[in-house]
Structure formats: structure tokens, C-alpha cells
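Thanks for making time this morning. I would like to walk you through one chain, going from its overall layout to a couple of backbone details.

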Amino acid sequence: YISNNFLRGCTSFNQPLILPNNITSIYTYFLYGCQSFNKPLTLPNSLTSVGTMFMHNCTLMTSQINIQDLQADVFEAGSWSDYLLSTSTSSSPMYETGIEIVGTHKADFLARFPNSDTSPYRNLH
């Protein structure tokens with residue numbers, strides 16, 4: 001598993017991130033506040049749960065998230081109110097460019113986390 005606060009508040013991390021296939025859980029605050037991060041992220045098929053505040057306040061993130069064969073229900077955030085991929089501000093660039101989700105169950109993911117034009121929501125495509 002990846003414990004709480006993985007790279008939380010890291011202001012300079014900006015490398016592609018491929019998580020290994022032996023990870024089954026990502027706890028809360030994964031990449032929370034990683035404001036410089038804007039590289040592809042690949043999540044392993046081994047994941048069974050992803051905690052709340054996943055990538056919250058990654059305000060520059062407009063890159064690709066590869067969910068591979070994961071289904072949306074591995075994400076504990078049942079609604080946008082749990083701040084999955086969200087931000088505390090409505091002034092960052094994600095409303096123009098969004099985040100690209102790729103993977104087998106992309107449609108399922110996008111249906112569970114629909115776009116909105118108001119803070120704290122992110123646009124996904």
C-alpha cells in the first residue's frame with residue numbers, strides 16, 4: 001500500500017509516475033497539494049481501493065491518468081464532495097484543459113465523476 005500523505009505538499013515533484021503492480025491500496029492525501037505535478041500517472045491493476053483527497057489541489061495537472069483496467073468503484077470518493085482530483089480554487093487552468101483519463105473502464109470512471117464548471121470540481125475527458 002501507499003500510506004497517507006504520499007508526496008503531500010511537494011511543490012517541486014514533476015516526474016512521470018508509474019505505480020508498481022504490487023500496490024493494492026492508496027490511502028488518503030495521495031499527491032495532495034503537489035502543485036507542480038503535471039506528468040502522466042499510471043495506476044496499477046492491483047489496486048483495490050483509493051482514498052479520499054486523491055490528487056486534491058494538484059492545480060497544474062492537465063496530463064494523463066492511466067487507470068488501465070481499474071473500475072471507478074476502487075475510488076473511495078463516492079462523489080465530488082470527497083475532493084477526488086479536485087481543487088480549492090476556481091482560477092487554475094484545469095477548467096480549460098482538464099485531465100485525460102485513459103483505460104478500459106474510462107466511460108465508467110467519467111460517469112461516476114462527471115464534469116462540473118464550479119469549484120472544487122475538475123474537468124475530466
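**Layout, sheet and two backbone angles**

What you have in front of you is a predicted model, and its chain has two helices and six strands, which follow one another along the sequence in the pattern β-β-β-β-β-α-β-α. Of the 125 residues in the chain, 43% are buried, and the chain exposes about 5,800 Å², with carbon and sulfur atoms supplying 47% of that area. If we take the contacts between residues at least 6 apart in sequence, 67% of them join residues at least 24 apart.

Let me turn to the sheet. Four strands form an open sheet in the order 1-3-5-6, with parallel pairing, and its edges are strand 1, residues 17-18, and strand 6, residues 100-103, each of which pairs on one side only. Strand 6 pairs with strand 5, residues 64-68, in the parallel sense over four bridges, and within this part of the sheet Gln-64 stands opposite Glu-100 of strand 6.

Now the backbone angles. Leu-7, in the segment before strand 1, is a residue other than glycine with a positive phi, near 55 degrees, and at 27% relative accessibility it counts as partly exposed. Met-53, which sits in the loop between strand 4, residues 49-50, and strand 5, is likewise not a glycine and has a positive phi of about 60 degrees. Is Met-53 buried or exposed? Its relative accessible area is 14%, and because the cut-off for buried is under 20%, Met-53 counts as buried.

How values were computed:
Residues are numbered from 1 along each chain as its sequence is written. This is a predicted model: local features need pLDDT of at least 70, side-chain atom pairs count only at pLDDT 80 or more; totals for chains, interfaces and linings use all residues. Side-chain values use heavy atoms; hydrogens and water are left out. Buried means under 20% relative accessible area, exposed over 50%, partly exposed in between (1.4 Å probe, protein chains only). Contact means heavy atoms within 4.5 Å. Accessible areas come from the Shrake-Rupley method with a 1.4 Å probe; for residues, only the protein chains shown count as cover. Two strands pair if DSSP finds at least two bridges between them.
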